[in-house]
Amino acid sequence: PKLSRAVCPVANVESSETVTPWGKMSLAYFVGRGDLNATKEVAGASWACSACYACREHCEHHNEVAAALLDNRAEMFSRGLAPEGATCVSQGYSDREREQQKILDSIAPEANHDATVGLLIGCSYVRHQRSTAEAALRLTRRWLGKPVRVLRRCCGLSLKYAGDRHGFERAARNFASDLGSVDEIVVADPGCAHTLIELYGELLEGRTVRPLIDVAFAKLDDIPALALKGRVLRYHDPCQLGRGLGRYEEPRAVLARLTGEAPLEFQRHRRDAECSGGGGLLSVTRPETAAAMASARLEEHQDDPDAVLVTGCGESLRRFSKSASGVTDWINLVDESMRQGGDGG
């Protein structure tokens, strides 16, 4: 049934029943059963999803629509029916990983091969928001008080979204094999954290994965109180951090610590929050739809021009920053407060 029709951001932008959760799942089912021929057009519906989990949260049966569509993407990819954008992402993966490694070599030239803590910053932060990547490293070093090894490998999430099942499995094995002495992995980007926690399975057996926001929350007393008093903040719940990992209170507590006030909220927030359009490769496979989703979120935010829009996701930060100023990440704000107080490390 169409229980989650109204909360699918892609369907709402495109005004199409085909790309509702019901429509996308039905197409995948009919193709799998042999009732419908798989064509590029039919297959493309599975990429009309940002993996925001809104449909799952509003479904009485809690159906894992995104996971099912990712499985179908893999099947369609193997048949050569993936959208051109998804194929390009798969083919360019090695080049992007080398680019990321080069940037990380300049951010953290020390190898720290014997470190037991590894920091996975996330491709979007590293390649598009270098200052946030550097801030994440400073904060991790300070809060944990021990050598930190910056992990150079990508978690492979973009390959999962593309539908390249074998590529993702290979990337995951490469990531795990490079960990060495690392037994605790801190992850700045929530999409990467969700990937390691939910998709890596036994590859990380015996190792702990902690989103960076969890470390910040545990070290809340270490964050200068009222360091940003008087600054008005509005918080956007990233899909992977909120509905994906269930972290709603932690980022709000960090922002309240900085200003002394709870951040402003969007009309739809927490489990009902709207997607920025940054997930699921939507910005590559359906760029106009992704742009419209980000614009809708920004339009509501602009009702209060004095507020700074704060998020906690590399892709959300990237999407919003393309169209608006005064957008930042909680990582930047905490790092700013630490450095102003001479505690930046």
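## A salt bridge within helix H19

In this predicted model, Asp335 is buried, its relative accessible area being 6%. The side chain of Asp335 takes part in a salt bridge with Arg339, and the closest N and O atoms of the two are 3.8 Å apart. Arg339 has a relative accessible area of 46% and is partly exposed. Both residues belong to helix H19, and because they are four residues apart there, about one helical turn separates them.

Why can such a pair form? Side chains of opposite charge can pair when their charged atoms come close.

## Salt bridges between separate elements

The structure contains 25 salt bridges. One of them joins Arg252 to Glu265, with 2.7 Å between the closest N and O atoms. Arg252 is part of helix H15, while Glu265 is part of strand S6 (residues 264–265), so this salt bridge ties together parts that are 13 residues apart in sequence. Arg252 is buried, at a relative accessible area of 6%, whereas Glu265 is partly exposed, at 27%.

Another salt bridge is formed by the side chains of Arg210 and Glu184, at 3.0 Å from N to O. This pair links distant parts of the chain: Arg210 is in strand S4 (residues 208–211) and Glu184 is in strand S3 (residues 184–187), 26 residues apart. Are these two residues buried, partly exposed or exposed? Arg210 is partly exposed, with 25% relative accessibility. Glu184 has a relative accessible area of 14% and is therefore buried, the limit for that class being under 20%.

## How helix H15 meets helix H19

Two of the helices already named also pack against each other. The axes of helix H15 (residues 249–259) and helix H19 (residues 330–340) are 11 Å apart and form an angle of about 35°. The crossing of H15 past H19 is left-handed.

Which residues make the contact? From H15 come Val254, Leu255 and Leu258, and from H19 come Trp330, Leu333, Val334 and Ser337. When these residues are sorted by class, six are nonpolar, one is polar and none is charged.

## Nonpolar cores

In soluble globular proteins, nonpolar side chains tend to be buried together. The largest nonpolar core of this model has 93 residues, and the members that touch the most others are Trp143, Ile185, Leu196 and Trp330. Helix H9 (residues 130–144) supplies the largest share of this core, namely seven residues. Trp330 also appears in the contact between H15 and H19.

Leu196 illustrates how residues from several parts of the sequence come together. When residues up to four places away in sequence are not counted, Leu196 touches Leu120, Cys155, Phe175, Ile185, Val187, Leu204 and Val209. A second core of 13 residues is separate from the largest one, and its members include Ala48, Ala54, Cys275 and Ala290.

## Asp178 and its surroundings

Where does Asp178 lie? Its place is the loop between helix H11 (165–177) and strand S3. With a relative accessible area of 32%, Asp178 is partly exposed.

Not counting residues up to four places away in sequence, Asp178 touches Arg149 and Arg153. Asp178 and Arg152 are 26 residues apart along the chain, and their C-alpha atoms are separated by 8.8 Å.

## Positive phi angles in two loops

His62 is not a glycine, although its phi is positive, at about 55°. This residue is located in the loop between helix H4 (54–57) and helix H5 (65–78). His62 has a relative accessible area of 41% and is partly exposed.

Leu226, which is not a glycine either, has a positive phi of about 60°. Leu226 occupies a position in the loop between helix H13 (212–218) and strand S5 (233–235). The relative accessible area of Leu226 is 43%, so this residue is partly exposed.

Terms used
Residues numbered from 1 in each chain as written. Predicted model: local features only at pLDDT ≥ 70, side-chain atom pairs only at ≥ 80, totals over all residues. Heavy atoms only, no water. Axes fitted to C-alpha atoms, helices over the stretch in contact; angles between N-to-C directions. Left-handed = near helix turned anticlockwise from the far one by under 90°. Contact = heavy atoms within 4.5 Å. Nonpolar A, V, L, I, M, F, W, Y, C, P; charged D, E, K, R; others polar. Salt bridge = Lys/Arg side-chain N within 4 Å of Asp/Glu carboxyl O. Buried < 20%, exposed > 50% of the residue type's maximum accessible area, 1.4 Å probe, protein only. Core = buried A, V, L, I, M, F, W, Y, C linked by side-chain atoms within 4.5 Å.
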